[in-house]
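Me: I would like to learn how to read a few local features in a model, going from strand pairing to cavities, disulfides and unusual backbone geometry. Could you give the general idea each time and then turn to the case at hand?

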Amino acid sequence: MTNKYLLSLLLATLFGSGSTLGGATDGATQTLYHGGDIITMEGETPAYVDVVVERGGKIVYAGSRAGVNRDFAGSTEEVDLQGMTLMPGFIEPHAHPVSIGAFILANDIVAPHEWRMPHHTYPGVSGKGNYLKAVKAVIDSKQSPDRTVMIWGYHKSWHGELSLAGLDGVTGDVPTIIWQRSTHEIYLNSAAARKYQIKRGDLAPEDDAQADWENYHFWERAYQMMKGTKLAPFFGDQEMLRRGMERISEVMLNNGLTAMAEPSFPNSVFDIEYQVLKEGTEKAGAYGIYLIAGFPEQFVRKMSNEDYEQRVDSFPANYDTRYIKFMPKQFKTFGDGAIYSLALQLREPFVNCKDCHAEWIIPPEMGEQIFSYWWDQGYKIHIHITGDKAYETYLDIVERAMQRNPRVDHRTTFHHVGLFDAALAQRTADLGVEISANPYYLWALADKYAATGMGAVRAQSMVALREFTERGVPVSLHSDFAMAPADPLLLAWVAINRQIASGAIVSPRQGISVFDAMKGITITAARTFGMDGEIGSIKAGKDATFTLLTQNPFKVAPITIKDIPVAGVVYKGEMKMKPLLRPGGDRDTRGCIGSAGFAWCEKTQTCERPWELAASRDFANTQPGFDLFCQNSP
């Protein structure tokens, strides 16, 4: 029996009996979904249909029940959604499932904020002493003193300066790699430097400028070189990557993701990353991965543009599978440094941060040469940009390219876009540039960067997406996993509500509509990597790939969108359901996770931790205090 058939029986058992239309004559079957809100994400407003019919993994009909073809020669299995909401499958347009995501999930996390992963929940850690204590606890938990330990999540704004002496003091002779929160930097202890024979002279002079040898600290290009050369045995550990990839597949299902694009694949070793990705996607059978070649591999391989173009052009024919697709005629390049490193290029100076240093991953002159080559070859170009100075620099580069060699519908896409203003947004619209943004920057960084790095005005103006949507610029939402949780509803929630980690709402005028946010994780997300003709909306001819939700995002309070439980997914007609959410289980009927301390608050219309709500809303941290506040009285 197929998974679809087995799961159709499961749905029939759980949600009510199915029925069959037509006679089974030639063994052909189709599936008809009905009985819930079916949102197509076609058009400029939320559009609904009564039924969707899938056949052979494709949508053959989406419309009214009366319009269903009754002359189909095969059998029709009906799936009654029993009030659930069916949407186009959620899409992650920028993440790094193997080279970053799998590595983080296969190793350890000590980060400023809590991370709930399929296998473990890691508490947030602040303060230098607490950070070093947490690192020591990780080291002490290991069984083998010779096996390299990697810990992701360090950020000096929360954890203070990290020195070699301090790191050696808590790690001893256990080889340890600290992966900074941005994944654009690493710190090694002395044992790791010895193990991998890392020494002065390993880097070219132009890359050595992004290294602090006194502390074995490497960032941007120096980090990329170390990762791709001396540290390649560690970053290419297939056993580790496979373990992490299994957890990535759990994340995908848990959060309703049916597609993920990775710009700049690979980030380390092609054969290793590809094999792990191939095995992981085939085992899961529930999502597609779309890969875009880019600068990191070209840089480490030291290939010319012409040679690398020839290599890139060979990828689809040699490596595409049922679940993996290399995107032809697309290329990823880089502008400035990471926002999580406070290495972004800003038009105004850093605030209260004498040690902050703006960086270019690729200096602008070289960056323009790279951009111009791929532009002239007719490629869609993706660019990593975080600061407003870098944003302006690359708008200038696009403008000069348009003047020299005009292109229609070039769809050049700026990724991340931490800071920009209305004038830059208008130029973006005028030049036909598109946006894939990480709204989580605002939630995670606004509080801390208001005091250190940006100042309150800039920090609270990060990722001001309404500047784009009101000008008609296509905007997708991404996590850049693990720069944010790979959770589309969470990303949409931040973009809509602009709530930050402290609970405050900042620059609310820049919140985008629920519809634009939902587009950002469905049809516009597909557009970002050129697959909007096949996925991203519910339309005849497209893949039958859906996300099933227990509530309709358009019919709940926007502040609760992140808490809508995902029930499962359909991938090209194959259903994968999560365990049902039952009262008395880990989630209650509202979707609140009791074991994590959450309870429903009628007043805020979301799941809350009582002690956190008491601190942010200034009432007594007691059950009566919580009950009184949340009873929703005026």
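Reply: Let us begin with pairing: two strands pair if DSSP finds at least two bridges between them, and the elements themselves are DSSP runs, with helices (H or I) of at least four residues and strands (E) of at least two, numbered from the N terminus. This is a predicted model, in which local features need pLDDT of at least 70 and side-chain atom pairs count only at pLDDT 80 or more, while totals for chains, interfaces and linings use all residues. Residues are numbered from 1 along each chain as its sequence is written, and side-chain values use heavy atoms, with hydrogens and water left out.

Me: In which sense do β24 and strand β25 pair, and which residue is the bridge partner of isoleucine 435?

Reply: β24 and β25 (residues 475-477) pair in the parallel sense over three bridges, and isoleucine 435 has valine 475 in β25 as its bridge partner. Strand β23 (residues 413-416) also pairs with β24 in the parallel sense, over four bridges, and here histidine 416 is matched with alanine 437 of β24. Between β23 and β24 the chain passes through helix α16 (residues 422-431), giving a right-handed β-α-β crossover; right-handed means that, with the strands pointing away from the viewer, the path from the first strand over the helix to the second runs clockwise.

Me: Which way do the side chains of strand β24 point, and are they buried or exposed?

Reply: In a regular strand the side chains alternate between the two faces of the sheet. In β24 (residues 434-437), Glu434 and Ser436 point one way and Ile435 and Ala437 the other way, and all are buried; buried means under 20% relative accessible area, exposed means over 50%, and partly exposed lies in between (1.4 Å probe, protein chains only).

Me: How many cavities of 30 Å³ or more are there, and how is a cavity found?

Reply: Rolling a probe the size of a water molecule over the atoms shows where empty space is left. On a 1 Å grid over the protein atoms alone, a cavity is a set of points where a 1.4 Å probe fits but cannot get out, and lining residues have an atom within 4 Å of a point. Grid points are joined across faces, edges and corners, and a volume is the space filled by probe spheres set on the points. The count here is four cavities of 30 Å³ or more, and the largest holds about 240 Å³ of space. Its lining has 23 residues, of which His184, Gln224, Asn267, Pro296 and Phe334 are the closest to the centre. At least two lining residues come from each of α8 (220-228), α12 (295-301) and β21 (330-334), with α8 giving the largest share, five residues. The lining of this largest cavity divides into eight nonpolar, ten polar and five charged residues, where Ala, Val, Leu, Ile, Met, Phe, Trp, Tyr, Cys and Pro count as nonpolar, Asp, Glu, Lys and Arg as charged, and the others, Gly among them, as polar.

Me: What volume does the second largest cavity have, and which elements give two or more residues to its lining?

Reply: The second largest cavity has about 70 Å³ of space, and β18 (257-263) and β19 (288-292) are the elements that give two or more residues to its lining.

Me: How many disulfides are there?

Reply: A disulfide is a pair of cysteine sulfur atoms within 2.5 Å, and by this rule there are two. One joins cysteine 353 to cysteine 356, with S to S at 1.8 Å; the torsion about its S-S bond is about 75°, so the link is right-handed, and both cysteines 353 and 356 are buried. The other joins cysteine 601 to cysteine 630 at 2.1 Å from S to S, and with -100° about the S-S bond it is left-handed. This pair links distant parts of the chain, 29 residues apart, with cysteine 601 in strand β29 (residues 599-601) and cysteine 630 in helix α24 (residues 623-630).

Me: Where is the cis peptide bond that involves proline 266, and what is phi of glutamine 82?

Reply: The cis bond joins phenylalanine 265 and proline 266, with omega about -5°, and proline 266 is in the loop between β18 and α11 (270-284). Glutamine 82, a residue other than glycine, has a positive phi near 50°; glutamine 82 is in the loop between β7 (75-80) and β8 (85-88) and is partly exposed, with a relative accessible area of 45%.

Technical notes. On a 1 Å grid over the protein atoms alone, a cavity is a set of points where a 1.4 Å probe fits but cannot get out, and a pocket is an open set with protein on both sides within 12 Å along at least five of seven lines; lining residues have an atom within 4 Å of a point.
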